[in-house]
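Visitor: I would like to learn how to read a protein model feature by feature. Could you take the general idea of each feature before the case at hand?

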Amino acid sequence: MPLPVEVLIIGAGNRGQIYSFFAKDFPERMKVVGVADCRRVARQNLQMKYSVADCNVFDDWRGAAAQEKFADAVVIATPDRQHKEPAVAFAEKGYHILLEKPMAVTVDDCKEIVAACMKHNVLLSVCHVLRYSPAVVKVKELLSQGVIGEVVHIQHLEPVSITWFFMKGFYFLHQLKGQQVLLNLEAADVISLTEI
């Protein structure tokens, strides 16, 4: 794939913006060429920041998927329950996919995403960013070298307020209508600890 990789951002909220920063920091490696978000201010923000042409700005991911393929890859940073449909649709169009965690909210949805990517020979990467955080990498290095010694207990503390947990938990439980769910943040914590 020639550089810079041209990317379409689906979901211009916090995560979509954070992943788009790579294009600002490394313009020779990535270029944002499209954005889709239901919030006008969010999509205009990315459009202005990356000089995205009006024809590549959409108020819904479906509008972007309906177009002829115009980017190499897509970053899907939509709410959790809205991961499967765009992932499958963009895989079918031949876009490589960077998918925010969790991959999907059901095992069947995950399997459908993987099947679509395999069928259309596209790369799929799920964002588990704590795995590569400097702190996790350093702890793993020190443990591997025997500097710290044998691990007998790990206590991981996330510096997030109780209000955040209450609101996020309430939102997800309401959205999932009582289904049990391991929230994003906790999943990221578990994955980063397994790297150690």
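**Reading the fold**

Guide: Read along the sequence, this protein follows the pattern β-α-β-α-β-α-β-α-β-α-β-α-α-α, and there are eight helices and six strands in it. Helices (H or I, at least four residues) and strands (E, at least two) are DSSP runs, numbered from the N terminus. The model is a predicted one, in which local features need pLDDT of at least 70 and side-chain atom pairs count only at pLDDT 80 or more, while totals for chains, interfaces and linings use all residues. Residues are numbered from 1 along each chain as its sequence is written, and side-chain values use heavy atoms, with hydrogens and water left out.

Visitor: In what order do the six strands form the sheet?

Guide: Two strands pair if DSSP finds at least two bridges between them. Here the six strands form an open sheet in the order 3-2-1-4-5-6, and the pairing is parallel. Strand 3 and strand 6 stand at the edges, each with a single partner strand, so one side of each is left without a neighbour in the sheet.

Visitor: How many bridges join strand 2 to strand 3, and how many pair strand 1 with strand 2?

Guide: Strand 2 (residues 30-36) is joined to strand 3 (57-58) by two bridges, whereas strand 1 and strand 2 pair in the parallel sense over six bridges. Ala36 can be followed across both pairings, since its bridge partner in strand 3 is Phe58 and it is also the bridge partner, in strand 2, of Ile10.

Visitor: Is strand 1 largely enclosed or left open by the rest of the structure?

Guide: For such a judgement one uses relative accessible area, where buried means under 20%, exposed over 50%, and partly exposed in between (1.4 Å probe, protein chains only). Five of the six residues of strand 1 are buried, so this strand is largely enclosed by the rest of the structure. Over the protein as a whole, 38% of the 196 residues count as buried.

Visitor: Which strands does helix 2 touch where it packs on the sheet, and at what angle do helix 1 and helix 2 cross?

Guide: Contact means heavy atoms within 4.5 Å, and axes are lines fitted to C-alpha atoms, for helices over the stretch in contact, with angles running from 0 to 180 degrees between N-to-C directions. Helix 2 packs on the sheet by touching strand 1, strand 2 and strand 3, and its direction makes about 155° with that of strand 2. The axes of helix 1 (residues 14-25) and helix 2 (residues 40-50) come within 11 Å and cross at roughly 5°. That makes helix 1 roughly parallel to helix 2, given that angles under 35 degrees count as roughly parallel, over 145 as roughly antiparallel, 65 to 115 as roughly perpendicular and the rest as oblique.

Visitor: Which residues of helix 1 and helix 2 meet?

Guide: From helix 1, Gln17, Ser20, Phe21, Ala23 and Lys24 meet Asn45, Leu46, Lys49 and Tyr50 of helix 2. The residues of this contact divide into four nonpolar, three polar and two charged, where Ala, Val, Leu, Ile, Met, Phe, Trp, Tyr, Cys and Pro count as nonpolar, Asp, Glu, Lys and Arg as charged, and the others, Gly among them, as polar.

Visitor: Which residues of helix 4 are buried, and what does Pro86 touch?

Guide: In helix 4 (residues 84-92), the buried residues are Pro86, Ala87, Val88, Ala89, Phe90 and Ala91, and they pack against strand 1 (5-10), helix 3 (61-66), strand 4 (73-76), strand 5 and helix 5. Pro86 has a relative accessible area of 0%, and it touches Trp61 and Ile76, not counting residues up to four places away in sequence. The C-alpha atoms of Pro86 and Trp61 are separated by 6.8 Å, although the two residues are 25 apart along the chain.

Visitor: Where should I look for backbone features, and what is the phi of Ser51?

Guide: Ser51, a residue other than glycine, has a positive phi near 50°; its place is in the loop between helix 2 and strand 3, and at 66% relative accessibility it counts as exposed. Asn121 has a positive phi near 55° and is found in the loop between helix 5 and strand 6 (124-127). A cis peptide bond, with omega about -10°, joins Lys101 and Pro102, and Pro102 is found in the loop between strand 5 (96-100) and helix 5 (107-119).
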